[in-house]
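Me: I should like to learn how the features of a protein structure are read, one at a time. May we work through an example together?

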Amino acid sequence: MGMVLGIVREEMPQFTLVHKAATYEVRRYGPSVIAECSYGGHWGDSNDGRPFGALARYIGVFGDPQNKKQDSIAMTAPVLVTPTREPIAMTAPVLVTAQAQADTMAFVLPASRYNTVAEAPAPTDPRVRLRQLPERLQAVRTFTWSFSAAAARKHLEMLCSDLASDGWTPRRRTDGDFEWQAAGYNPPFTLPFMRRNEVLVTVEEKKV
């Protein structure tokens with residue numbers, strides 16, 4: 001019943017609250033180890049459940065864990081989605097085109113067990129990759145209802161607008177898009193208005 005009502009009992013990444021505003025928080029997260037898997041294209045293009053399935057099998061949700069140590073790993077919250085910039089339509093003639101980078105889904109491995117990639121069991125599915133996230137300063141906006149690419153983009157725009165008004169500088173990637181993620185804390189059967197979703201954008205240290 002608790003999951004239906006949006007209660008989260010899973011381990012979550014620890015952070016230090018740096019700043020609290022009316023519509024967002026700035027949090028300093030410590031280093032984390034994630035297991036990630038790419039979508040077939042972009043998040044929201046279709047009902048692509050392959051990344052979640054591959055990650056769930058890696059930690060042992062559906063049976064024997066698909067990792068080399070066969071370690072069962074507790075599910076944590078949230079599930080992270082890292083979108084990439086939508087590819088720009090090309091005009092003719094085209095001589096060479098670069099393949100668009102796919103969006104990724106990631107599980108944060110429990111920090112109570114794993115502090116480095118070397119400590120985490122290696123995946124047996126080649127689609128699943130382990131990666132170390134460094135300490136990071138992120139501005140976070142929380143929202144309910146739909147955990148979709150469109151909803152996340154809308155809240156990202158509002159978050160970045162508020163950050164600009166308050167003198168925070170969001171970091172950008174090499175492709176020009178913001179360095180951001182979407183985080184979903186609840187399963188699909190949670191009541192929509194009780195869901196906890198977030199958009200997180202990395203920000204530069206604020207000069208005093």
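Reply: We shall take the features in turn, and the model shown here is a predicted one.

Me: Let us begin with the strands. How many bridges join S1 to S2, and in which sense do the two run?

Reply: The general idea is that strands pair when at least two bridges are found between them. Here S1 and S2 run antiparallel and are joined by five bridges. One of the residue partnerships is that of threonine 16 with arginine 28 in S2. The connection between S1 and S2 is a hairpin of four residues.

Me: Which sense of pairing holds between S2 and S7?

Reply: S2 and S7 also have five bridges, and their pairing is antiparallel. Glutamate 25 has valine 140 of S7 opposite. S7 is further joined to strand S9, residues 197-202, by six bridges, again in the antiparallel sense. In that case glutamine 138 faces threonine 202 of S9.

Me: How do side chains lie along a strand, and how many residues of S7 are buried?

Reply: In a regular strand the side chains alternate between the two faces of the sheet. As for S7, seven of its eight residues are buried, so that strand is mostly covered.

Me: Now the helices. How many residues of H1 are buried, and which are they?

Reply: A residue is called buried when its relative accessible area is under 20%. In H1, seven of the 10 residues are buried, so the helix is largely enclosed by the rest of the structure. The buried residues are Pro51, Gly53, Ala54, Leu55, Ala56, Tyr58 and Ile59. Among the elements that cover them are S3, S5 and S6. Just after H1 comes glycine 60, with a positive phi of about 95 degrees.

Me: Ala54 belongs to that list. Which residue of the loop between S5 and S6 touches Ala54?

Reply: That residue is aspartate 125, which is placed in the loop between S5 and S6. Leaving aside residues up to four places away in sequence, aspartate 125 touches Ala54 and Gln66. Its relative accessible area is 11%, so aspartate 125 is buried. The side chain of aspartate 125 also makes a polar contact, at 2.8 Å, with the side chain of arginine 127.

Me: What of alanine 111: where does it lie, and how far in space is it from glutamate 11?

Reply: Alanine 111 lies in the loop between strand S5 (104-108) and strand S6 (129-133). With a relative accessible area of 45%, alanine 111 is partly exposed. Alanine 111 and glutamate 11 are separated by 100 residues in sequence, yet by 8.5 Å in space from C-alpha to C-alpha.

Me: Let us turn to the rings. How many aromatic pairs does the structure hold?

Reply: There are four aromatic pairs. One of them joins phenylalanine 15 and tyrosine 29: the ring centres are 5.4 Å apart and the planes meet at 55 degrees, so the pair is tilted. Phenylalanine 15 is in strand S1 and tyrosine 29 in strand S2, so this pair ties together parts 14 residues apart in sequence. Phenylalanine 15 is partly exposed, at 35% relative accessible area, whereas tyrosine 29 is buried at 4%.

Me: How far apart in sequence are the parts tied together by tryptophan 43 and phenylalanine 147?

Reply: The centres of these two rings are 5.2 Å apart and their planes are at 50 degrees, so this pair is tilted. Tryptophan 43 lies in the loop between strand S3 and helix H1, and phenylalanine 147 in the loop between strand S7 and helix H2, so the pair ties together parts 104 residues apart in sequence. Tryptophan 43 is buried, with 9% relative accessibility, while phenylalanine 147 is partly exposed, with 26%.

Me: Which charged residues sit over rings?

Reply: The charged end of arginine 172 is found over the ring of phenylalanine 178, 4.1 Å from the ring centre. Arginine 196 lies over the face of tyrosine 185, at 3.9 Å from the centre of that ring.

Me: Finally, how many disulfides are there, and are cysteine 37 and cysteine 160 buried or exposed?

Reply: A disulfide requires two cysteine sulfur atoms within 2.5 Å, and a search of the whole structure finds zero. Cysteine 37 is buried at 2% relative accessibility, and cysteine 160 is buried at 10%.

Technical notes
Residues numbered from 1 in each chain as written. Predicted model: local features only at pLDDT ≥ 70, side-chain atom pairs only at ≥ 80, totals over all residues. Heavy atoms only, no water. Phe/Tyr/Trp six-rings, centres within 6.5 Å; stacked < 30°, edge-to-face > 60°. Buried < 20%, exposed > 50% of the residue type's maximum accessible area, 1.4 Å probe, protein only. Lys NZ or Arg CZ within 6 Å of the ring centre and 35° of its normal. Contact = heavy atoms within 4.5 Å. Polar contact = N/O pair within 3.5 Å; in protein donor to acceptor, adjacent residues only side chain to side chain.
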